[in-house]
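This report goes through a single protein structure, moving from its aromatic contacts to its strands, its cavities and an annotated position. The sequence and the model are shown first.

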Amino acid sequence: MGLKFNTVASFLVLCILNANAKVFDITKYGAGVGGDATQALTKAWKEACASATPTKLLIPKGNFNLGQLKLSGPCKAPIEIQLQGTLKAPVNMGHLQNSDGWISISYIEGFTMYGGGVIDGQGAVAWKKNDCHKNSKCSGLPMNIRFNFVTNGLIKGITTKDSKNFHVNVLGCKNITFQHFTVSAPETSINTDGIHIGRSVGVKILDTSIKTGDDCVSIGDGSQQVSIERVTCGPGHGISIGSLGKYPNEEPVKGITVKNCTITKTMNGVRIKTWPASPPGSATDMHFEDIIMNNVGNPILIDQGYCPYNLCTAKVPSKVKISNVSFKNIRGTSLTKVVSKLACSPGLNCDQVVVSDIDLKYSGPEGAAESQCSNVKPQITGKQNPPACAAPATASA
């Protein structure tokens, strides 16, 4: 299955080891600039993946049209994709129907993707048809790129833009890092989470810019040891853990760190959200620290009554247990009067919550800034502007 690399430093070693990797240039397989590169890329990948020595798949500068693409392993040696050009998805949804991933990369150990290129989902037409946020029976729209069961991966210096659905979905991965990564889509793009993580361990999102129409980063069940550092977020809906508790048999969330981030003009800031009437679950060891808010709605939020479009039984408490949470050194400006809201479940109070050094200003027409709490007794230290937990919180945001 290849070599094992467990840190970012090891990824650099991997790149050095692969400096003499055999190059598979898709233009040598029939891909022409402006033409369809699907078959050429598929063939090049197949040969590269079968190589017993490290390989590099080269997509040179220029625009290449691309249909649905599934790149799967296991490969015999570490493999790179050097994306210098732009891959363009079909605008016509008919070419990608019944697919939740335009590009999927699966079952690879030792994977690197770099080169400064662009993955362009051309999603503007699809956004107008997307009602999945309120219609549970909607037809699925394709995500730009899915990473399924990738171990020891580095995605660096790549841009994903205008996805029809989520930009990136990370599922079942271990030790995968996104660095100097860019997500670009307008605020009007519906359901286009920047990076969604589920059932993965050891995910890092570093030095990354995310502008989109939904969560910049969303963290689903089973996510553990996730680090989000030096990320700029906005527009979008903020950085979210959850929503959790919508489905039975969800796996615990544990070990999430959001640090040194800047969030600007988003619907929410940092939040943890769980559904009411949920099956039992847990989310623990979650920490938000050194975060700047610039005109952000709901800068700090725990919402255990998350029930968009009334698609739930709102009066039944959530059974997702939230514990060991900290909000430290969070400062800036809020678009909403309630700058901090910890609305924990009446059936399962939040435990071990720390609120320290909060300085959030509101200058709108609704009066003085306010902090609300319910079903939680946080440890409060340092500066508190406004005073922490001065008012009870309502059930849902």
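## A stacked aromatic pair between two loops

In this predicted model, Phe-149 has a relative accessibility of 36% and therefore counts as partly exposed, since that class lies between the 20% limit for buried residues and the 50% limit for exposed ones. Tyr-107 is likewise partly exposed, with a relative accessible area of 44%.

A search of the whole structure finds six aromatic pairs. The rings of Tyr-107 and Phe-149 make up a stacked pair, because their centres are 5.1 Å apart and their planes meet at 10°, where planes under 30 degrees apart are counted as stacked. This pair links distant parts of the chain, given that Tyr-107 belongs to the loop between β7 (101-106) and β8 (109-114), whereas Phe-149 belongs to the loop between β10 (143-148) and β11 (151-156), 42 residues apart.

## A tilted pair and a ring cluster

The rings of Phe-111 and Phe-147 also pair, with centres 6.3 Å apart and planes at 55°, so this pair is classed as tilted. Phe-111 lies in strand β8 and Phe-147 in strand β10, so the contact ties together parts that are 36 residues apart in sequence.

Are these two rings buried or exposed? Phe-111 is buried, with a relative accessible area of 0%, and Phe-147, at 1% relative accessibility, counts as buried too. Ring pairs join Phe-111 and Phe-147 with Phe-178 and Phe-181 into a cluster.

## Parallel strands

Twelve strands form an open sheet with parallel pairing, and their order is β4-β7-β10-β13-β16-β18-β20-β22-β24-β26-β28-β30. At the edges of this sheet are β4 (69-72) and β30 (391-392), each of which pairs on one side only. Within the sheet, strand β16 (residues 195-198) pairs with strand β18 (residues 217-219) in the parallel sense over three bridges, and Ile-197 has Ile-219 in β18 as its bridge partner.

Further parallel pairing involves β8 and β11, which are joined over four bridges, with Glu-109 standing opposite Thr-151 in β11. From β11, five bridges lead on to strand β14 (residues 174-179), again with the two strands running parallel, and here Leu-154 stands opposite Thr-177 in β14. As a general point, side chains in a regular strand alternate between the two faces of the sheet.

## Enclosed cavities

How many cavities of 30 Å³ or more does the structure hold? There are five of them, and the largest has a volume of about 80 Å³. The lining of the largest cavity includes Asp-221, Glu-250 and Glu-251, together with Leu-244, Tyr-247 and Val-320, and also Pro-279, Pro-280, Gly-281 and Ser-282 among others. Taken by class, the residues lining this largest cavity are six nonpolar, three polar and three charged.

The second largest cavity has a volume of about 60 Å³, and its lining divides into eleven nonpolar residues, with no polar and no charged ones. Among the residues lining the second largest cavity are Leu-69, Leu-71, Ile-103, Ile-105, Met-113 and Ile-145. Strands β4 and β7 each supply at least two residues of this lining.

## Two loop positions

The UniProt annotation "active site", taken from an unreviewed entry, covers His-237; such annotations may be inferred rather than shown by experiment. In the model, His-237 is located in the loop between β19 (224-233) and β20 (239-244). With a relative accessible area of 17%, His-237 is classed as buried, because the limit for that class is under 20%.

Glu-366 is placed in another loop, between β27 (351-361) and β28 (370-374). Its relative accessible area is 54%, so Glu-366 is exposed. Glu-366 and Lys-337 are 29 residues apart in sequence, and their C-alpha atoms are 6.4 Å apart in space.

Technical notes
Residues are numbered from 1 along each chain as its sequence is written. This is a predicted model: local features need pLDDT of at least 70, side-chain atom pairs count only at pLDDT 80 or more; totals for chains, interfaces and linings use all residues. Side-chain values use heavy atoms; hydrogens and water are left out. Rings of Phe, Tyr and Trp (its six-membered ring) pair if their centres lie within 6.5 Å; planes under 30 degrees apart count as stacked, over 60 as edge-to-face and the rest as tilted. Buried means under 20% relative accessible area, exposed over 50%, partly exposed in between (1.4 Å probe, protein chains only). Two strands pair if DSSP finds at least two bridges between them. On a 1 Å grid over the protein atoms alone, a cavity is a set of points where a 1.4 Å probe fits but cannot get out, and a pocket is an open set with protein on both sides within 12 Å along at least five of seven lines; lining residues have an atom within 4 Å of a point. Grid points are joined across faces, edges and corners, and a volume is the space filled by probe spheres set on the points. Ala, Val, Leu, Ile, Met, Phe, Trp, Tyr, Cys and Pro count as nonpolar, Asp, Glu, Lys and Arg as charged, and the others, Gly among them, as polar.
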